[in-house]
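Colleague: Before we go through this entry together, could you put the sequence and the coordinates on the screen? I would like to put some questions to you about the details.

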Amino acid sequence: MRQANIQLDAEGRLKHFLGIEGLSRDLLTQILDNAERFAPVGDRAVKKVPLLRGKTVVNLFFEPSTRTRTTFDLAAKRLSADVLNLNIESSSAKKGESLADTLRNLEAMQCDMFVVRHQTSGAAAYIASQVAPHISVVNGGDGRHEHPTQAMLDCFTIRRLKKRFEDLTVAIVGDVAHSRVARSEIHALKILGVPEVRVVGPRTLIPPQIEAMGVKVFHRFDEGIADADVVIMLRLQQERMQSALLPSAHEYFRVYGLTEKRLKLAAKDAIVMHPGPINRGVEIDSAVADGLQSVILQQVTNGIAVRMAVMSMVMGTQAVGSAA
Ligand code: NCD
């Protein structure tokens, strides 16, 4: 469990947030509880608390992102940190500077935290192993590996709406093979005590041996969604597909698209989630994405509170009582 060790300090507190795998139920619950304390900050006229005043956070995004980058940015600003958004496309990385040299220079600017998104699995852990001891690294998504803050904001949304994890059936539907969100989510839901986590999709998009993660595999959508309390749709990640794994987007929608008719097979009060960006008419019908059971935009709002919780925890300034 190399990853679990490098994330925690000697006292077992979160130092980096690189992946869900190997973390304890207590720690995940603490993140959710802290996020609950931060959530009201977003509803105030002055959306700020002073917990990270004087700290400098660098958003290092090597891959495109809208929600994740902007909500990390907002979360850091609401904690009163100074934030640098490094645009890799126009940075010296394009002039041949190595990642290690870019990091050394950011360290020389006395930064305190790196939020990293990278196309390579393991990139955030690599950076965490390279940086000066006072710096914390938060993974904003690495390759197909993990996207831990997305999993936590999804669990936060589920807990708010469904109260208890112990009674739930959660179906994760679609391109599981290319999805770091799915991997982090499966770990988080299992650790938090969800008894039935299902993955649903065509054989080409479900990794072999995924049952070892404690999930049930379904290839027929109608069976996989039956009586589910939570339906998490994944984007069809066309940019990560190395070969033609599917006949066409149109055919995919016919077999695996979430329509109002299909959603009726889930539990009556089921919620529909999606990490975004959504592909309307590919994995999800607009009527469902914009429908009453969709909580997709609540996920976005909740992402800010969850990222505030994680950032304050890795900096050792977590919210206690009235601090938030
Ligand atoms: C996800 C990602 O980039 O991993 N999106 C996100 O962070 N909200 C999922 C995706 O791109 O499909």
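Colleague: How many Å separate a nitrogen atom of the ligand from a polar backbone atom of Pro 275?

Modeller: A word of caution comes before the value, since this is a predicted model. The residues surrounding the ligand include Pro 275, Gly 276 and Pro 277. For Pro 275 the partner is a polar backbone atom, and a nitrogen atom of the ligand lies from it at a distance of 2.9 Å.

Colleague: Which residue has a polar side-chain atom 3.0 Å from an oxygen atom of the ligand?

Modeller: Two side chains can be set side by side here, both belonging to residues that surround the ligand, among them Arg 117 and Gln 150. An N or O atom in the side chain of Gln 150 is 3.5 Å from a nitrogen atom of the ligand, whereas the contact you ask about involves a ligand oxygen atom, and the polar side-chain atom at 3.0 Å from that oxygen belongs to Arg 117.

Colleague: What percentage of the accessible area that the ligand has on its own does the protein cover?

Modeller: The reference is the ligand taken on its own, with an accessible area of 310 Å². Of that area, the share covered by the protein is 94%.

Colleague: Is the peptide bond from Gly 276 to Pro 277 cis or trans?

Modeller: Most peptide bonds are trans. Pro 277 sits in the loop between strand 9 (271-273) and helix 11 (286-289), and it is also among the residues around the ligand. With omega near -5°, the bond from Gly 276 to Pro 277 is cis.

Colleague: Which strands are the edge strands of the open sheet of four strands?

Modeller: The four strands follow the order 2-1-3-4, with parallel pairing. An edge strand pairs on one side only, and this holds for strand 2 (82-87) and strand 4 (136-142).

Colleague: Which residue in strand 2 stands opposite Leu 60?

Modeller: Strand 1 (residues 56-61) and strand 2 run parallel and are joined by six bridges. Across this pairing, the residue of strand 2 that stands opposite Leu 60 is Leu 86.

Colleague: At about what angle to strand 1 does helix 4 run?

Modeller: Helix 5 (residues 123-130) also packs on the sheet, where it touches strand 3 and strand 4 and makes about 165° with the direction of strand 4. Helix 4 (residues 99-108), for its part, lies across strand 1, strand 2 and strand 3 (113-118), and its angle to strand 1 is about 160°.

Colleague: Is Val 200 buried or exposed?

Modeller: Val 200 belongs to strand 6 (residues 196-200), and beyond its neighbours within four places in sequence it is in contact with residues including Ile 172, Val 173, Ile 206, Phe 218 and Phe 221. Its C-alpha is also 6.1 Å from that of Val 217, although the two are 17 residues apart in sequence. Because its relative accessible area is 0%, and the limit for the class is under 20%, Val 200 is classed as buried.

Colleague: What is the approximate phi of Gln 209?

Modeller: Most residues other than glycine have a negative phi. Gln 209 lies in the loop between strand 6 and strand 7 (216-218) and is exposed, with a relative accessible area of 67%. Asp 227, in the loop between helix 8 (221-225) and strand 8 (230-233), has a positive phi near 60°, while the positive phi of Gln 209 is about 65°.

Methods. Residues are numbered from 1 along each chain as its sequence is written. This is a predicted model: local features need pLDDT of at least 70, side-chain atom pairs count only at pLDDT 80 or more; totals for chains, interfaces and linings use all residues. Side-chain values use heavy atoms; hydrogens and water are left out. Helices (H or I, at least four residues) and strands (E, at least two) are DSSP runs, numbered from the N terminus. Buried means under 20% relative accessible area, exposed over 50%, partly exposed in between (1.4 Å probe, protein chains only). Contact means heavy atoms within 4.5 Å. Two strands pair if DSSP finds at least two bridges between them. Axes are lines fitted to C-alpha atoms, for helices over the stretch in contact, and angles run from 0 to 180 degrees between N-to-C directions. A residue is near a molecule or strand if one of its heavy atoms lies within 4 Å of it. A polar contact is a pair of N or O atoms within 3.5 Å; within protein, one must be able to donate a hydrogen and the other to accept it, and residues adjacent in sequence count only if both atoms are side-chain atoms. Accessible areas come from the Shrake-Rupley method with a 1.4 Å probe; for residues, only the protein chains shown count as cover.
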